[in-house]
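Here's a quick briefing to read alongside the model. Have a look at the fold first, then come back for the notes.

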Amino acid sequence: MHGQVPGVHPEELPAELPEGTLLDVREHDEWQAGHAPGAVHIPMSEVPERLDEIPEADQLYVVCRSGGRSSKVTAYLNANGWDAVNVERGMNGWSSSGRPVVADNPDSEPYVL
């Protein structure tokens, strides 16, 4: 398993993820445009200084737009004691597989930026 990051496709996730088990590491504008309901938002660049805000879930799923940034954060978190799994294809895959997306502004149609 050395050098490999555990991953899961959005379709393989439970229909209802427990609160605090999905970490979105995209930038603020991406989050505001559209994100998964109940996700925790900590941009990738802020993860090291905000480790105390990372959920202590039995299984933590990490998502970004396409899976690259979240793969790096997943590896980092696993090296620091979390049991993290990368969401393959990111929010693009999440959205295209029919999973719900919400926006910060209730008057805006949510989308993946």
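Leaving aside neighbours within four places in sequence, which residues is L13 in contact with? They are V8, Y61, V87, W94 and R99. Keep in mind that this is a predicted model. Here's the rest, by topic.

**Overall fold**
- The protein's secondary structure adds up to 3 helices and 5 strands.
- Reading from the N terminus, you get β-β-α-β-β-α-β-α.
- For 113 residues, a compact globule would come out with a radius of gyration near 13 Å, and the protein agrees because its own value is 13 Å.
- Along the principal axes, the C-alpha trace spans about 45 × 30 × 25 Å.

**Packing and surface**
- Of the 113 residues, 42% are buried.
- Take the contacts with a separation of 6 or more: 65% of them are between residues 24 or more positions apart.
- The accessible surface is about 6,000 Å², and carbon and sulfur atoms hold 48% of that.

**L13, a loop residue**
- You'll find L13 in the loop that runs between β1 (7-8) and β2 (22-24).
- L13 has a relative accessible area of 6%, so it counts as buried, the cut-off being under 20%.
- One of its contacts is Y61; the two sit 48 residues apart along the chain, with 9.2 Å between their C-alpha atoms.
- W94 is another residue on the L13 contact list, and W94 turns up again at the pocket below.

**N92, a helix residue**
- N92 belongs to helix α3, which covers residues 90-96.
- Its relative accessible area is 36%, so N92 is partly exposed; that class lies between the 20% and 50% cut-offs.
- Neighbours within four places aside, N92 is in contact with R65, S66 and V112.
- T74 is 18 residues from N92 in sequence, and their C-alpha atoms are 18 Å apart in space.

**The largest pocket**
- The largest pocket has a volume of about 190 Å³.
- It is lined by 15 residues, and the ones closest to its centre are A15, E16, L17, P37 and W94.
- By type, the lining splits into 9 nonpolar, 3 polar and 3 charged residues.

**Two residues to compare on screen**
- Try L13 and N92 as a pair: L13 is buried, whereas N92 is partly exposed.
- L13 sits in a loop, while N92 is part of a helix.

Definitions and conventions. Residues are numbered from 1 along each chain as its sequence is written. This is a predicted model: local features need pLDDT of at least 70, side-chain atom pairs count only at pLDDT 80 or more; totals for chains, interfaces and linings use all residues. Side-chain values use heavy atoms; hydrogens and water are left out. On a 1 Å grid over the protein atoms alone, a cavity is a set of points where a 1.4 Å probe fits but cannot get out, and a pocket is an open set with protein on both sides within 12 Å along at least five of seven lines; lining residues have an atom within 4 Å of a point. Grid points are joined across faces, edges and corners, and a volume is the space filled by probe spheres set on the points. Ala, Val, Leu, Ile, Met, Phe, Trp, Tyr, Cys and Pro count as nonpolar, Asp, Glu, Lys and Arg as charged, and the others, Gly among them, as polar. Helices (H or I, at least four residues) and strands (E, at least two) are DSSP runs, numbered from the N terminus. The radius of gyration is taken over C-alpha atoms; the globule rule is 2.2 Å times the number of residues to the power 0.38. Buried means under 20% relative accessible area, exposed over 50%, partly exposed in between (1.4 Å probe, protein chains only). Contact means heavy atoms within 4.5 Å. Accessible areas come from the Shrake-Rupley method with a 1.4 Å probe; for residues, only the protein chains shown count as cover.
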